[in-house]
Amino acid sequence: MKLIKEILGRIFALWALLMFVPTMFIAIIFYLPCFVLSEPHKARWHRAVSRVWMWFFLHAIGCPLTVKGAEYFEGLDNCIVVCNHSSLMDVPVTTPFMPRANKTIAKKSMSRIPVFGWIYSFGSVLVDRKDEHSRRKSYDDMKRVLSIGIDMLIYPEGTRNRTGKPLREFHNGAFRLATDTGKPVVPAILFNTGKVLPPNKPFFLWPHRLYMHLLPPQQSTGISADELKEKVFRMMWDYYEANY
């Protein structure tokens, strides 16, 4: 049975690749306005196109998404969304299906991929984590994104969670950004993306329904970055354990 699943997982991965590449070349036509639009219009257009493309793609590969908690964004100032990270499936799920336009902090190296790199760059603040100057610049860029009314999406674990636990230890950046700018933090939890694209299995995909749960906003004023980090970490950990 395990061997059959391994074989089917590779077949599903091939199907997903065959669906992703041709639809990407169709989608890039609709992304073209991003080359000339200024912010925040670029981010809004990018999210709108990505939402249509990824809705089709996720359904085509048997991974429909359900979002819970979007009502927390009603009347909320633009914010910093912090999300768990266990799979390469996380970005195509979060960026398009957040309730509002957003940009995510993302690896600069991915922007060099032909065609896909353009789409990736339009919705991202790019950073080379090995370059101190790039890290400082990305922090200033994130502040600018927040200053023009767009949400920032950050994965505070920094890299994919391969531990088998609900979360890896959080880095400070998202919470320092929140306390520096006074913007609220909205925790977001993805369920099942690690089952769809397991981080330890190359070229393997298993269809599964996906869920994104948005939790109540946490204010960043009157609290230190470390205290906010611990508060949000515990909130997300407890919610994950109670609902997984």
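**Notes on the helix packing, ring pairs and backbone oddities**

1. A174 sits in helix α6 (helices here are DSSP runs of H or I with at least four residues, strands are runs of E with at least two, both numbered from the N terminus). A174 comes out as buried, with 4% relative accessibility (buried is under 20% relative accessible area, exposed is over 50%, partly exposed is in between, using a 1.4 Å probe and protein chains only). If you skip the neighbours within four places in sequence, A174 touches I80, V82 and I154 (contact means heavy atoms within 4.5 Å). P156 is 18 residues from A174 in sequence, and their C-alpha atoms are 6.4 Å apart.

2. A word on provenance: this is a predicted model, where local features need pLDDT of at least 70 and side-chain atom pairs need pLDDT 80 or more, while totals for chains, interfaces and linings use all residues. Numbering runs from 1 along each chain as its sequence is written, and side-chain values use heavy atoms, with hydrogens and water left out.

3. Now α6 against α8. The axes of α6 (residues 173-181) and α8 (residues 225-243) come within 8 Å and cross at roughly 125° (axes are lines fitted to C-alpha atoms, for helices over the stretch in contact, with angles from 0 to 180 degrees between N-to-C directions). The two helices are therefore oblique to each other (under 35 degrees is roughly parallel, over 145 roughly antiparallel, 65 to 115 roughly perpendicular, and the rest oblique). The crossing of α6 past α8 is right-handed (the near helix is turned clockwise from the far one by less than a right angle; anticlockwise would be left-handed).

4. Which residues in α6 and α8 meet? From α6 there are F175, R176, A178 and T179, and from α8 there are A225, L228, K229 and V232. That contact breaks down into five nonpolar, one polar and two charged residues (nonpolar covers Ala, Val, Leu, Ile, Met, Phe, Trp, Tyr, Cys and Pro; charged covers Asp, Glu, Lys and Arg; the others, Gly among them, are polar).

5. On to the rings: the whole structure yields 15 aromatic pairs (rings of Phe, Tyr and Trp, the last by its six-membered ring, pair if their centres lie within 6.5 Å; planes under 30 degrees apart are stacked, over 60 edge-to-face, the rest tilted). One of them is F20 with W53, a tilted pair because the planes are at 40°, with centres 5.1 Å apart. F20 belongs to α1 (residues 2-31) and W53 to α2 (residues 41-60), so this pair links distant parts of the chain, 33 residues apart. F20 is partly exposed at 21%, whereas W53 is buried at 8%. Ring pairs also tie F20, Y31, W53, F57, F116 and Y120 into a cluster.

6. F204 and W206 make a stacked pair, with planes at 10° and centres 6.4 Å apart. F204 is buried at 3% relative accessibility, while W206 is partly exposed at 24%.

7. Backbone checks, for anyone scanning torsions. Most residues other than glycine have a negative phi, and most peptide bonds are trans. The E39 to P40 peptide bond is cis, with omega near 5°, and P40 lies in the loop between α1 and α2. V115 has a positive phi near 65°; V115 is in the loop between β3 (102-107) and α4 (116-122) and is buried at 17%. N192, also not a glycine, has a positive phi of about 85°. N192 falls in the loop between β6 (185-191) and α7 (193-196) and is buried at 10%.
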